[in-house]
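Please give me a guided tour of this structure. I have it open in a viewer and want to know what to select next and what is there.

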Amino acid sequence: MKGLRNYIDKIKPNFEPGGKFAKLHSTFDAFETFLFVPNTVTTKGSNIRDCVDLKRIMIVVVVALMPALLFGMYNVGLQHFRAMGAETPFWSCFWFGFLKVLPIIIVSYVVGLGIEFISAQIRHHEVNEGFLVSGMLIPLVMPVDVPLWMVAVATAFSVIIGKEVFGGTGMNIFNPALLARAFIFFAYPSSISGEKIWIAGLTKGEGIVDGFSGATPLSDAATAVLSGAKEITWTQGSPLDWFLGFMPGSIGETSTVAILIGAAILLFTGVASWRIMLSVFAGGYLMGLLFNLIGYNAYMNIPAYYHLIIGGFAFGAVFMATDPVTGSHTNTGKFIYGFMIGALAVLIRVVNPGYPEGMMLSILFMNAVAPLIDYYVVQSNIRRRMRRLKTAK
């Protein structure tokens, strides 16, 4: 590493103002700070000193995403070979999934980082590190058979419209990864909904056994409601299978166990808010219990905890709702924000079976409401302190 540091110091003057490549200063700075902690120091005043900068925080989140990513790769292969009626060893399933998922990750990062670098050069700003996480989240919330060109277009939309028009990382209102998914859902709904897009090769009928269904537990429940059935016929195993992740779904959203491992990493390092995580699960569970009391249809009668382990609920609670930019910032606001996300997600699922997954819309809606929540929390604190001051007088 010392040799690399010396080489970077040697070529650095070329990228400084007045140097041969001064116009590429933002790009050079991004690569330098990615490899090494910035060597800037404070010279006066009272300062908080910490080696953990934005880039290191983003890397921690990427590490926390690894369990969901690795399991997702394995599950992609497992579901594909199950659809073919074949029993395949672990490594064959993983290798198949790796080859399917890797191109989506590459497209996401190439397009997103490309736009980030171009924007930084145009504005003469430093390259922000936020896309290190968004570039991984986007593939994980996609179905495995999504066309790569759609991933590219959706990523460009999320970065340009979702971030850059607001000023870049830290200024965006909505979660960029969810914007990418929402863009595909509303622009190309057939590529992100239905029963065939969740399993690799199912849309093309690549040796699929007769009668095999690629339905997810969410689509099973929605189908039962739309058909007026009194009970839901689950086609994808048991609740234990759903908890472990052995079911069709978006690449990184199926395994609650893998997601909870990521949650433990985020909480241990202090990167994510436990208030938001806890309140999202509490909101979803309590809304499920409320529907159990109503019991109008088969979907309302499923055990409340089912909602927490199917679809993208757990993934959204851990990695999307806890986005420090788009969520609430006050402690009380975090509880309200998270609770409403969980409750609204289950509400959308059950009340509108035509849209079986409610987590995306729930988080995007609450992203818009988060500043309002914080405003009223702060105003409430001010009023309480004013009353306390008057009482003291």
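Select Gly 333. With a relative accessible area of 0%, Gly 333 is buried, because buried means under 20%. The model is a predicted one. Gly 333 sits in helix H14. Now show what surrounds Gly 333. Not counting residues up to four places away in sequence, Gly 333 touches Ser 328, Ile 373, Asp 374 and Val 377. Add Ile 276 to the selection. Gly 333 and Ile 276 are 57 residues apart along the chain, and their C-alpha atoms are separated by 9.0 Å.

**The whole chain**

Zoom out and switch to a cartoon view. What does the chain hold in helices and strands? There are 15 helices and zero strands. The chain has 393 residues, and 50% of them count as buried. Turn on a surface. The chain exposes about 19200 Å², and carbon and sulfur atoms supply 67% of that area. Contacts tell another part of the story. Among contacts with a separation of 6 or more, 70% come from residues 24 or more positions apart.

**A buried loop residue**

Select Val 141. Val 141 is in the loop between helix H5 (131-140) and H6. Is Val 141 buried or exposed? Val 141 is buried, at a relative accessible area of 0%. Show the residues that Val 141 contacts. Leaving aside neighbours within four places in sequence, they are Ala 177, Arg 181, Ser 250, Glu 253, Phe 315 and Met 320. Then pick Ile 192. The C-alpha atoms of Val 141 and Ile 192 are separated by 10.0 Å, with their positions 51 residues apart along the chain.

**Three salt bridges**

Keep Arg 181 and Glu 253 on screen. Both are in contact with Val 141, and they also form a salt bridge with each other. Their closest N and O atoms are 3.9 Å apart. This pair links distant parts of the chain. Arg 181 is in helix H7. Glu 253 is in the loop between helix H9 (239-244) and H10, 72 residues apart from Arg 181. Arg 181 counts as buried at 8% relative accessibility, and Glu 253 counts as buried at 10%.

How many salt bridges does the structure hold? It holds three. Side chains of opposite charge can pair when their charged atoms come close.

Go next to Lys 163 and Glu 116. Their side chains meet in a salt bridge, 2.6 Å from N to O. This pair too links distant parts of the chain, 47 residues apart. Lys 163 is in the loop between helix H6 (148-160) and helix H7 (176-187), while Glu 116 is in helix H4 (residues 90-123). Lys 163 is buried, with a relative accessible area of 2%. Glu 116 is buried as well, at 3%.

Now select Arg 349 and Glu 357. Their side chains meet in a salt bridge at 3.3 Å, N to O. Arg 349 counts as buried at 0% relative accessibility. Glu 357 counts as buried at 10%.

**The start of helix H10**

Select residues 256-269, helix H10. Thr 256 is in this helix. At 4% relative accessibility, Thr 256 counts as buried. Show the contacts of Thr 256. Beyond its neighbours within four places in sequence, they are Trp 242, Phe 243, Leu 308, Ile 309 and Ala 314.

Stay in helix H10 and pick Leu 267. Leu 267 is partly exposed, with a relative accessible area of 38%.

**A nonpolar patch**

Leu 267 belongs to a nonpolar patch on the surface. Select the rest of the patch: Trp 274, Leu 278, Tyr 285, Leu 286, Leu 289, Tyr 305, Phe 335, Ile 336, Phe 339 and Met 340. Together with Leu 267, they have about 970 Å² of accessible area. Two elements give two or more residues to the patch: helix H11 (274-294) and helix H14 (331-351). Which gives the most? Helix H11 does, with five residues.

**A positive patch**

For the last stop, select Arg 383, Arg 384, Arg 385, Arg 387 and Arg 388. These residues gather in a patch of positive charge on the surface. Focus on Arg 388. Arg 388 lies in helix H15 (residues 359-392). At 53% relative accessibility, Arg 388 counts as exposed.

Conventions: Residues are numbered from 1 along each chain as its sequence is written. This is a predicted model: local features need pLDDT of at least 70, side-chain atom pairs count only at pLDDT 80 or more; totals for chains, interfaces and linings use all residues. Side-chain values use heavy atoms; hydrogens and water are left out. Helices (H or I, at least four residues) and strands (E, at least two) are DSSP runs, numbered from the N terminus. Buried means under 20% relative accessible area, exposed over 50%, partly exposed in between (1.4 Å probe, protein chains only). Contact means heavy atoms within 4.5 Å. A salt bridge is a side-chain nitrogen of Lys or Arg within 4 Å of a carboxyl oxygen of Asp or Glu. Patches are made of residues with over 30% relative accessible area and no salt bridge: like charges are joined within 9 Å, nonpolar side chains (Val, Leu, Ile, Met, Phe, Trp, Tyr) within 5 Å. Accessible areas come from the Shrake-Rupley method with a 1.4 Å probe; for residues, only the protein chains shown count as cover. Lys and Arg count as positive and Asp and Glu as negative; His and the chain ends are not counted. The place of a charge is taken as NZ of Lys, CZ of Arg, CG of Asp or CD of Glu.
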